[in-house]
Amino acid sequence: MKDILLKHFGIETIEIKKLVGYENVNYMVKTHAAKYVFKTYNFDEQLFDLVKAESNVLAHLVQQAKQLFPKPIKCLDGEFVNVIDINGQKTIIRLLTFLEGQFFAEAKQTHLLFSSFGKFLANMDLRFLNLKNYTIQSRQFKWDLQYAHLNKQLVNEIEDPGNRKIVEYFLLQYDEQVRSKIAKLRKSIIHNDPNDCNVLVNHGEVSGIIDFGDLVYSPLINELAVGITYAIMGKNDPVSWAQIIVRSYHKILPLQTMEVDLLYYLIAARLCITVCNSAYHKKLNPENKYISISEKPAWDLLHQWLMINPIYLKNQFREACNLSVDVKDKIESKIETRHQFIDPIVSLSYRNPIYMQRAAFQYMYDGYGNTFLDAYNNIPHVGHSHPKVVEAGQRQMAILNTNTRYVYDLLNEYAERLLDHFPPGLNKVYFVNSGSAASDLAIRLARHHTRRQSIMVMEHGYHGHTNSAIEISDYKFNNKNGPGQKAFILKVPIPDTYRGTYSNEFAGQNYAVEAIELMKEFGDPMAAFISEPVVGCGGQVPLAPGYLTHLYPAVRAQGGVCISDEVQTGFGRLGQHFWGFEKQEVIPDIVIVGKPMGNGHPMGAVVTTQEIANSFGHGVEFFSSFGGNPVSCAIGLAVLDVLEEEGLQQNALDVGDHYMSLMNDLKKDFNSIDDIRGSGLFLGFEIIDEDGKQNTQLAARIKNELRNRHILIGTDGPYDNVLKSKPPLCFSKRDAEKVVENIYEILKG
Ligand code: PMP
């Protein structure tokens, strides 16, 4: 090396040291007079041009401000970059002055440092603004945020599916929120990698920057996005730190509102690029620690980022720039408008209703900048806006959306995948668009098959909002404003081991015997018996063990069929079982499914036996305009894929058990918490008063105070005193702890 340096640059080296680098090999070189960085790269034609371009840009920068940037040193032949042979390898070489300083990452993290960083970046970017370099302008580079999508091919290198989905989510948001705006953004050459190991600090302030290997011609705002990304990693309050940088940058190089508004997505995208490349290079080159230096803090920040409402961040940044913030109309005025068109019979949750704007996984974001932890909504089963599900819908919508009167593969594929989750006897499926439509159809199937009219239903049961669903839903027909019970309906007592007549190990059997008696007394034989495995509107009451095992045979013996409503309980929510009926060790004749099936896309289905399908086949044609359409099937398949890939049924079990045990601990401190029930992530917590009576008011207080603390849960049960929690299945143990900690504070309070 010493000989090379003497031969090509005419310098006498007294010391040489190899430095850590990302892909190329660098050396620190000392002479009697100065220090340099000697850079070597394996020859590549494109790289050669780029390195030359980089040197020209640096020479331009250095002309204006000597100390801030490394100065390129010309070879003796007058060029900044040369190609030579080193040990038989054609090698690009160049020499730069060495900048003294401490790395930003190692410097004391102070307000002054961050403010100087913003100022430094802005001053550097001002120097870049009118610079042209066609080599750099034509560069397509995966580390350039405008080409963030190039990293999609690396996403599968991320091994943990729970992490992978976050990257997929933010890359999808980038596509949706940023890409269409790129053409409108001002562009410039930018450094593009002002990370905390490239930025140098002297006397507590940023004094220089090195490594111009990532220079690109890109939207100017990307410079700031990259700088912020690395500076705020590992911080408890990343937003406040980021604000300091934005504020000082803006003072020198004023930002436009549109640029500031994109920072949330740009910072997230940069984190995605970092973790994708770490995952990729880690596999290629497991020894190089420098490659994955920012991996762990980047993951931490990505997880933190999900908890930040994008509107909040946008306004924090706008404030930092003295730009007017985005203030939404008060919710009262929005509700007033709503009530002009939507009758209040369509109710709103909470005393303080929520104006919802966006959601991601277990988080929901309102229009005023708040982030809610969703411990309540079971429809976004695999998580709100799950990228796999969203993309499946988007993709298929652009290809074909039609109806079951045509043959298409997605219907066959989805039907087969769905039926794979059922016992072999349940092998026919009819697709509809809601749980109500599924209930309605299930009753039609049962009546067709049995040629009977009467239906046995469960006390407090709920099966939907259509006429026939209301007829079989005690929760609706028995409501004080409800239509009352029809003559062909037999209602049987809820087999509740907590508040009901029976509570011992024979409770299920005893309740079944009672129901069988009622069935006999009723006279008219049943077409069907329908129930949920855990009665949601009853207050999350699981059927007493053994209940269905004793009841189903009796229903069948008198010629009826047995229907399980799995709209709430299905698709792994209960943890131990994929379907609620499995917990009762029975196989129904008809199963209805809905809600979680499409993760929010309206889907429902009825699954039944060949025999019942044969009977129904003799009736009028069955056709649903939307049921089983290709878009729904694609979405349904994606939901099943995600469930498997992310092990969400197991997560429901693990987190649900943890959640229950935390609540059981809490119960020891508060007499107002009584029965803790349910399984997996389908839980109910009974709230009572001193006399052990249902405490509706306290339950409502807890629910509403949790809402004010940005945690969503519901209440249910005939006295509305059961706290109901049935979150997306990606809910974590930490999330459960957060809910329980807050219930503790409310009750203590
Ligand atoms: N069955 C059960 C058990 C339900 O909880 C619901 C909805 N809450 C339905 C059926 C009706 O489903 P949908 O609202 O999709 O019509």
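**Figure 1. Arg-417 pairs with Asp-641 in this predicted model.** Arg-417 is partly exposed, with a relative accessible area of 21%. Its partner in a salt bridge is Asp-641. The N to O distance between the two side chains is 2.9 Å. Arg-417 belongs to helix H13, residues 409-419. Asp-641 belongs to helix H21. The two residues are 224 apart, and the pair links distant parts of the chain. Asp-641 is partly exposed too, at a relative accessible area of 31%.

**Figure 2. Lys-165 and Glu-646 form a salt bridge.** Here the closest N and O atoms are 4.0 Å apart. Where do the two residues lie? Lys-165 sits in helix H5, residues 161-177. Glu-646 sits in the loop between helix H21 (630-645) and H22, so the salt bridge ties together parts that are 481 residues apart in sequence. Are these residues buried or exposed? Lys-165 is buried, with a relative accessible area of 8%. Glu-646 also counts as buried, at 15% relative accessibility.

**Figure 3. Salt bridges can join into a network.** Four residues are linked in this view: Arg-164, Glu-168, Lys-388 and Glu-645. Side chains of opposite charge can pair when their charged atoms come close. By the rule used here, the salt bridges number 34.

**Figure 4. Glu-737 and Arg-734 pair within helix H24.** Their side chains meet in a salt bridge, with 3.3 Å from N to O. How many residues apart are they in the helix? They are three residues apart, so about one helical turn separates them. Both are partly exposed. Glu-737 has a relative accessible area of 25%. For Arg-734 the value is 45%.

**Figure 5. Helix H22 packs against helix H24.** H22 covers residues 648-669, and H24 covers residues 733-748. Their axes are 9 Å apart and meet at an angle of about 20 degrees. Angles under 35 degrees count as roughly parallel, so H22 is roughly parallel to H24. The crossing is right-handed. Which residues of H22 make the contact? They are Asp-654, Val-655, His-658, Tyr-659, Leu-662, Met-663, Leu-666 and Asp-669. From H24 come Lys-733, Ala-736, Glu-737, Val-739, Val-740, Ile-743 and Tyr-744. By class, this contact has 10 nonpolar, one polar and four charged residues. Glu-737 appears here as well as in the salt bridge with Arg-734.

**Figure 6. Helix H7 packs against helix H10.** H7 spans residues 238-252, and H10 spans residues 310-320. The angle is about 35 degrees, with the axes 8 Å apart. H7 and H10 cross in a right-handed way. On the H7 side, the contact is made by Val-239, Ala-242, Gln-243, Val-246 and Arg-247. On the H10 side, Tyr-312, Leu-313, Gln-316, Phe-317 and Ala-320 take part. Sorted by class, these are seven nonpolar, two polar and one charged residues.

**Figure 7. The close-ups belong to a chain of 749 residues.** Of these residues, 57% count as buried. The chain has 24 helices and 28 strands. Its C-alpha atoms fill a box of roughly 110 × 60 × 50 Å along the principal axes. Of the contacts with a separation of 6 or more, 74% come from residues 24 or more positions apart.

Notes. Residues numbered from 1 in each chain as written. Predicted model: local features only at pLDDT ≥ 70, side-chain atom pairs only at ≥ 80, totals over all residues. Heavy atoms only, no water. Axes fitted to C-alpha atoms, helices over the stretch in contact; angles between N-to-C directions. Helix = DSSP H or I, 4+ residues; strand = E, 2+ residues; numbered from the N terminus. Parallel < 35°, antiparallel > 145°, perpendicular 65-115°, else oblique. Left-handed = near helix turned anticlockwise from the far one by under 90°. Contact = heavy atoms within 4.5 Å. Nonpolar A, V, L, I, M, F, W, Y, C, P; charged D, E, K, R; others polar. Buried < 20%, exposed > 50% of the residue type's maximum accessible area, 1.4 Å probe, protein only.
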